[in-house]
Amino acid sequence: MQKSEIKDIVVGFLMDEFEIEENLIVDDAHLINDLGLESLDFVDIVVIIEKEFGFKVQREDMKDIRVLNDLYNYIEKNM
Amino acid sequence: MKRRVVISGVGIYSVLGKNIEEVSASLYNGASGIGLDEARKEVGFRSMLTGILERPNLKELLSRRQRIGLPEQGEYAYVATLEALKNAKIDMDFLEKNEVGILYGNDSSSIPVIESIDRVRETKDTTLLGSGAIFQSMNSTITMNLSVIFKLRGINFTISGACASSSHAVGMAYFLIKHGYQDIVLCGGGQEINPESMGSFDGLSAFSIRHDAPKQASRPFDKNRDGLIPSGGGASLVVESLESALKRGANIIAEIEGYGFSSNGDHISVPNEIGPTQSLERCLKDANKAAKDIDYVNAHATSTLVGDTMEARALNTVFGAASTPISSTKSMTGHEMWMGGASELIYSTIMMHKSFIAPNINFETPDEDSEKLNIISKTTEKKLNRILSNSFGFGGTNSSIILSKYNK
């Protein structure tokens, strides 16, 4: 899967599932400070990643994901 | 310290209507909220009868995080609370500046529990349950969610007392306020209506199977009843010290004058006569009133033979000589269970304000116990100054509450 496809899927679920406005969803957006996500939301991101990308996320891995680009890279690496 | 306690706000989301105005009309008209859910037959239910209620759409009202922890009955409770706070003239600014508590009745949250177990069994991975499941699954789901949504900082817990849960919640709030521990407590009850929550109850053959006439199926006190009908929704009351309500310029809907409770200490599902009688007598004593002072009794009667019979005998013992008018609004709503205590107090306040007694519809043929009571089967115009509402539950838990019109 191309990184652009990964981005499209992630942007889609951030907008649909997390109701985040599209203009906030940029590559260097901080998940907590800019997108307003909180610790409980990371539980739901784990669920969605497994559903959308088909691999199991270790909850500990999420600790290193700070901005959206980290998330795209993490998904790309594990696909 | 003994203070007077009043109700300064009410809100309802029930099978009789989605707000006080709609419910008032249904009560007056003797409308039934019962229908058929044919899907229940396919999943092995004996009865397809249920209260019919659609879930509210909360997307415009609550954030994703606020919605994700709310189960079905929490949604109903939230909508009812919005109405109760609005007519209590309490807004978010007030809630942020003043301590308000919450005591709500709830005794199950089936769907989130069932879905979580199914998913873990299928995936062998608990992380896939998502972040909302735990908050939806617990019995305290309503109080934990509403206390966060409305920024409540007073007493905060759920009362699980079977079908008397929310009546006890109001009773406990009354005690806390009467004795000076709280000024305002949001009270109420929520009841899920989904089939999954009712399967085990259906399995006891406790539900009516009058499938050919759903609106005639709930027949409390009638000789030809054949069981109760499960129902649900949300009912909220703002319970407040008189002093606080007057200070805020609130519209005082009713005064809570008495709370009585008892436990049968007997059979887990079969009620008796003495427990409910004690609850009624204690309630009258707490209010310092006699049976003749009560203008109307909203009975617990659910349309089961043994439950109705035991309550009829208790009512006859206490109210027989006074010939007090009695009806069970469950004839219209079905059995709202955890929510029933709170909702029936609200139905009673509506009757007090509009000066009528809502009918015990479908009461056509008395039996040897109900024939001794003054059961009102047609809407009756009557000035009501003081009412008593009964709620009883499995395990023999009993609760009675007296409300009166507020007089200075």
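A residue is called buried here if 20 or more other C-beta atoms lie within 10 Å of its own, and exposed if 12 or fewer do. With that cut-off in hand, the reader can follow the description below, bearing in mind that this is a predicted model.

A good place to begin is helix α13 of chain B, in which Gly307(B), Asp308(B), Met310(B), Glu311(B), Ala312(B), Arg313(B), Ala314(B), Leu315(B), Val318(B) and Phe319(B) are buried. These buried residues of α13(B) pack against four elements of chain B, namely α12 (274-287), β9 (296-298), β10 (325-327) and β14 (386-393). The helix itself covers residues 305-319, and because a rise of 1.5 Å a residue predicts a span of 21 Å for its 15 residues, the 20 Å between its end C-alpha atoms agrees with expectation.

Helix α15 of chain B, residues 340-354, can be examined in the same manner: its 15 residues should span 21 Å at 1.5 Å a residue, and its end C-alpha atoms are 21 Å apart, which agrees. This helix is mostly covered, with 13 of its 15 residues buried. Directly after α15(B) comes Ser355(B), whose phi is positive, near 55°.

One of the elements that α13(B) packs against, β14(B), leads on to strand β15 of chain B. β14(B) and β15(B) form a hairpin with 3 residues between them, and in the turn Gly395(B) has a positive phi of about 85°. The two strands run antiparallel and are joined by 8 bridges; Ser389(B), for example, has Ile401(B) in β15(B) as its bridge partner. β15(B) is also joined to strand β8 of chain B, residues 254-263, again by 8 bridges and in antiparallel fashion, and here Ser262(B) finds its bridge partner in Asn398(B) of β15(B).

What, then, becomes of the side chains of β15(B), residues 397-404, of which 8 of 8 are buried? In a regular strand the side chains alternate between the two faces of the sheet. Thr397(B), Ser399(B), Ile401(B) and Leu403(B) point one way from β15(B), while Asn398(B), Ser400(B), Ile402(B) and Ser404(B) point the other way, and all of them are buried.

Chain A is built from 3 helices and 0 strands, so that its elements, read from the N terminus on, run α-α-α. Its radius of gyration is 11 Å, close to the 12 Å that the globule rule gives for 79 residues, and chain A is therefore as compact as a globular protein of that length. Taken along the principal axes, the C-alpha atoms of chain A fill a box of roughly 25 × 25 × 20 Å. Buried residues make up 14% of the 79 residues in chain A, and among its contacts between residues at least 6 apart in sequence, 54% join residues at least 24 apart.

Within chain A, Lys51(A) lies in helix α2, residues 39-53. Is this lysine, Lys51(A), buried or exposed? Lys51(A) counts as exposed because it has 10 C-beta neighbours inside 10 Å, and the limit for that class is 12 or fewer. Lys51(A) and Ile65(A) are 14 residues apart in sequence, and their C-alpha atoms are 19 Å apart in space.

The last step is to bring the two chains together. The contact between them takes 10 residues from chain A and 5 residues from chain B. By class, the side of chain A that touches chain B has 5 nonpolar, no polar and 5 charged residues.

Note on methods
Residues are numbered from 1 along each chain as its sequence is written. Chains are lettered from A and ligands numbered from 1 in the order in which they are written. This is a predicted model: local features need pLDDT of at least 70, side-chain atom pairs count only at pLDDT 80 or more; totals for chains, interfaces and linings use all residues. Two residues are in contact if their C-beta atoms, placed from the backbone, lie within 7 Å. Ala, Val, Leu, Ile, Met, Phe, Trp, Tyr, Cys and Pro count as nonpolar, Asp, Glu, Lys and Arg as charged, and the others, Gly among them, as polar. The expected span of a helix is 1.5 Å times one less than its number of residues. The radius of gyration is taken over C-alpha atoms; the globule rule is 2.2 Å times the number of residues to the power 0.38. Two strands pair if DSSP finds at least two bridges between them.
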